[in-house]
Amino acid sequence: MEQSHHESATRQYSELNYNPGAKWIKGLTQNRLGTFLGGHFSDVNLSSVLFTHRLDNAEHVKLEVWSAPGISKPTFEEAMKQKFKPAKKGDSFGPSWVGPKSHTNHWWKVSVTIPEYWEQYERVQFEFDPGCEAMIYDVDGTPLQGITGGFGGDRRVEYILTKDTRAKGTHEFIVESSCNGMFGVPWNGDTIAPPDMNRYFALASADLVVPNQDAWHLLWDFSTLREIVDSLPGNTLLQNKALAVANEIMNTFRSGDASDIRRCRQLAEGVFGENWQSEGENIYKDDEQAQIWGIGHCHIDTAWLWPYRVTQQKVARSWATQVDLMERYPEHRFACSQAQQYKWLKELYPSLFDRVKEQISAGKFHPVGGSWVENDSNMPSGEALIRQFVFGQKFFMENFGIRCETAWLPDSFGLTGAYPQLIRGAGMKYFFTQKLSWNNINVFPHSTFNWVGIDGTQVLCHMTPVDTYTAQASVGDVQKGLSNHKNLESSDTSLLVFGNGDGGGGPLAKMLENLRRIRATNNQSRDLPPISMGHSVDEFFEHLLETTSTGKKLPNWHGELYLEFHRGTYTSHGSIKKGNRHSEILLRDVEHVATLASILRSTEYTYPKGKIDECWEKVLLNQFHDVLPGSAIGMVYDDAEQLYADVGKDGRALMEEAFQVLFPNSVPLTTVTKLQLNTSLNQIFGYNTTFLDRREIVKIPLAGASAGLKAAVAQVDQSSKVGYAIMDNGVLDALVGDNLDMHASAYTNGSDHFVLRNSSVQLTISNGRITSLVDVRLHRELIADGATGGLVIFEDRPNYWDAWDVEIHHLETPTLLKFINVSVVAHGPLRASVQAQVKHGRSTIDVLISLDAVGATVKPGSRSMFRFDAEVDWRERHQFLKFELPLNIHNDNAYYETQFGYVQRPTHKNTTWDMAKFEVCGHKYADLSEYGYGLAILSESKYGFSCQGNVLRISLLRAATAPDAEQDQGEHKFSWAVMPHKGHFLESDVPMAAYLFNSPMHVRYLPGDKDAIAASSMNHPSFAIHGAPNVILETIKRGENDDFNASFESESSTTVIARLYEAFGGHAHAIVVIGNHFSGRVARAVTTNLLEDEDEEEEVQIMNDNDLGVVLKLNFRGFEVKTLKITLQDRNENAAFTNRVQKPRASSTTKRVTKRSSWVDIDGSRLIARDN
């Protein structure tokens, strides 16, 4: 048999050959493929046969429209009550977002009549293209799917009619269209340009059509073949085979009739495999060796180039589309983050929420992230990051019965090193991101690795090698998942996160079709990495753990994930930064005093959990990663400012309600408060919401003050109506004249030389610049020789991302600014101040520089700080305002506060990794120290810092013009401080001083005879921390699981949560002392995870120390965060408790428990204090 075959082949091989041969010019053939779809030959190529029928006449399509007034967003029910008018294809509508005559949202009633003979076709659909975004509803108001008009890659304009609908012959439905594109309405086409508020859109299509399904499948076949040709190396067998098949398809496609299309599709099976399409979703079977795991995703920026209200619509459109796709493609799995967006869906689109919930139960729609929004992770406080997880995980549990296992921040602009500990504390151990692929200097060296936080906690992290969270599910994307993987020695598996995003949309049918063809190809060839579908993100990470010996084979990355890009976001939109910081502090204080009031006066006051949560949700929403960074359009900041105003108003009201319970009839004391005649010293007190002892200068109105009160006043202002006094831990110092050992004073030569001085520090302003800063006690000059400090402005012209970026070259363009019109406005002895002004361009900067006669903290030897209070009329464009001090201090690293600790960053340029950190994020301080001495700049609302060599800077204001053309224009008020300190940073009180700088004392006035209450309650702290000066108490609040609707006599537990952390990076053995006046009510104390889970509790022994009384002992590792839950019992149970208190042991023991926990009563005193 073999012999005859050989002889046959020999006979068929001709002796003579006059043909030119089959050699091709590969490049020309490859270029030819671009002519098969659209373009110049669209009337004869495949595009010409994509549709069999198209009808748009009045007989088959009837349109009516109602345009909602202004930017209103009526519900479906409200819209259906309106009067609709006839409409037609080609009508224009708008304008987009503002103006008295604008019409942002439009509602369409659509009625179609389907020809009977169309029942023969596989598919009939309605094509609606308004050029913008839209949503299709059924007549009962259930959202069915989203529409994306226009001709971009995110286009989806088809609404598929069911067979039942076609059988009826007529169909009615509703469309809501909105005058914005997927990326807003940029005025000049540039994505980040400010919006065009006057843009109109035209209804380009409202057609009843029959798509040629065979032609569409050929289109998808050909697209995949072309992607293989364009993405694979030219020397691979598969690339050449795909090119040859695609070329033959073009030769075979002649008239474009059904037989041509069938022959072309059979040719494609030469690459995809015979009858591959009949496999359907089973094409992915046998995926044990898959290296690429596909997961659908729809990144929806909660606000960016559109306001929050538009995002609410984007969520519904995008998720409805995904539910529809899940019903058509069984392998489709969709990962979706941000509990806030789920909540919007629940409130505004309840029927769609129910459909989503069904898909979650079916395991197809996967909540991920565990957070309220995809927040910025640089600037929110540590407690705010915790609340992102607490609120997010709580929503998912209450609504879906699940918690997320994977934290998800693919687009945040850098990631704090505190995150691994917080992620684990929130019940997760996996983390997905990819933004560091945007680095503009260095390439991040890992794809799959253990991310180890500042405290040593690790999470399993995957940065997809595809380098995007909006992959198009192309061959190139799949190939990149392996070719760009940086850790193939330890793991060769990648996550492909695909779907249109930023503006929403998500995966399209063409993406799912493409992936099926890619997998079919892989089943025939190993030139492409195998891809699997139908799994969750959590399953992907579980696979990573299994294949890497639970992470032991993976590399580690320690500390922050610093993004070498978007460094300007630490400063852009200063008012938003201020709103964030001040709101965080306000809510911390509200929770503190509300907790005390709810325990002390439980029969007359209920902890306002619901109202506090509402405030938190607003703050957490504004921490979205394009809002807090200042990189959104102006409309977003109109909304954000209002949210902060609401939080401020509601928070202050809640605070006052609690204060009235703790201190009835008291009022806030301000410089305009009218005192009753002969108001005494003890009727004025300060409430300290921090746990730190404090001694500071306060202002007292003098009208009505008694002689005793006036005796505490050592200085009056220029009006003689306000006095200055010293307050020690909330009590006015009656012996201020005897206790004043740091007399503050101000001097001037009458022209250009000014000095602020006390017995610890001295600052000199000469010729408009800070020329000297001296530690008086050590006779040490802190300003470098020949240099001066003060305000400085730089040209700020980033390469593209205006509001986002500041580039390293801005440092080459400094202009030193001089103080003018300097004058002494307070001479001491308690406060010395000079008023100064700076004028630059069209801007005016007024600065009050003050020095007080007290140290920055009560720590012995603490130096005083210089406070700078600025009022700015800012009118610059593309300028960057900073304050700088060139210091006589050297260190290769500076220290910056981060959440629950600090981070060191280089001051030099040894490597490109060092150079990249020329602008960095810090919270309340930045410090440059050497052995023996250091200096910190403190901030109450700014986050941008830098330290280049010996020059320490704080960033104050920017002036970008895109995407908000008016960013930061107008009035600003903010403060910063300069704090010299003896000893290295690690020996200093900088974190404590910064904490106090951000936490003003709540000074109150008690009219009437309330002296004893005012004096005694502030002098007897309820808690104290002994033996651990490096431990800070961050938060006091009631337990998440407490029942605030239960009566006081009920059996529901009362718990108090205290959040503490170690601030300096070392171990601590802290003794928490519980005051005698309520210690008898502490029934139990445990530490829990951040979610306060019962099954994560570790019991803490309650012990009785002979000297200190009832105490709790807590051990900390460096930067560790502890959540302490104290359970309180009823006062009547005190006697029984006494028998359970244990004598101290050599060391406390812990055990696992499964019960709930909580704690007790405070007699109007502040909750935490520290011993000296």
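K394, K609, D613, K1037, E1040 and E1092 are linked in a network of salt bridges. The model they belong to is predicted. In total, 56 salt bridges are counted. This briefing takes three pairs in turn, then an annotated domain and one of its helices.

**The pair inside the network**

- Two members of the network, D613 and K609, form a salt bridge with each other. Their closest N and O atoms are 2.8 Å apart.
- Both residues sit in helix α17, which covers residues 609-622. They are 4 residues apart there, so about one helical turn separates them.
- D613 has a relative accessible area of 15%. Buried means under 20%, so D613 is buried.
- K609 is also buried, with a relative accessible area of 12%.

**A pair with more accessible side chains**

- R797 forms a salt bridge with E795. The closest N and O atoms lie 3.7 Å apart.
- R797 counts as exposed, because its relative accessibility is 54% and the cut-off for exposed is over 50%.
- E795 counts as partly exposed, at 33% relative accessibility.

**A buried pair across the chain**

- K1125 and E1097 meet through their side chains in a salt bridge, at 3.3 Å from N to O.
- This pair links distant parts of the chain, with the two positions 28 residues apart in numbering.
- K1125 belongs to strand β58 (residues 1121-1128). E1097 lies in the loop between β54 (1082-1088) and β55 (1098-1100).
- K1125 is buried, with a relative accessible area of 2%.
- E1097 is buried too, at 0% relative accessibility.

**The annotated domain**

- UniProt, in an unreviewed entry, places the feature "domain: Glycoside hydrolase family 38 central" at residues 564-644.
- Over residues 564-644, the chain is 64% helix and 0% strand.
- The end C-alpha atoms of this stretch are 30 Å apart.

**Helix α16**

- Helix α16 runs over residues 574-600 and has 27 residues.
- From its first C-alpha to its last, α16 reaches 39 Å. That is close to the 39 Å expected at 1.5 Å a residue.
- Of the 27 residues of α16, 24 are buried. The helix is therefore largely enclosed by the rest of the structure.

Note on methods: Residues are numbered from 1 along each chain as its sequence is written. This is a predicted model: local features need pLDDT of at least 70, side-chain atom pairs count only at pLDDT 80 or more; totals for chains, interfaces and linings use all residues. Side-chain values use heavy atoms; hydrogens and water are left out. UniProt positions are given in the numbering used here, feature names are shortened, and annotations may be inferred rather than shown by experiment. The expected span of a helix is 1.5 Å times one less than its number of residues. Buried means under 20% relative accessible area, exposed over 50%, partly exposed in between (1.4 Å probe, protein chains only). A salt bridge is a side-chain nitrogen of Lys or Arg within 4 Å of a carboxyl oxygen of Asp or Glu.
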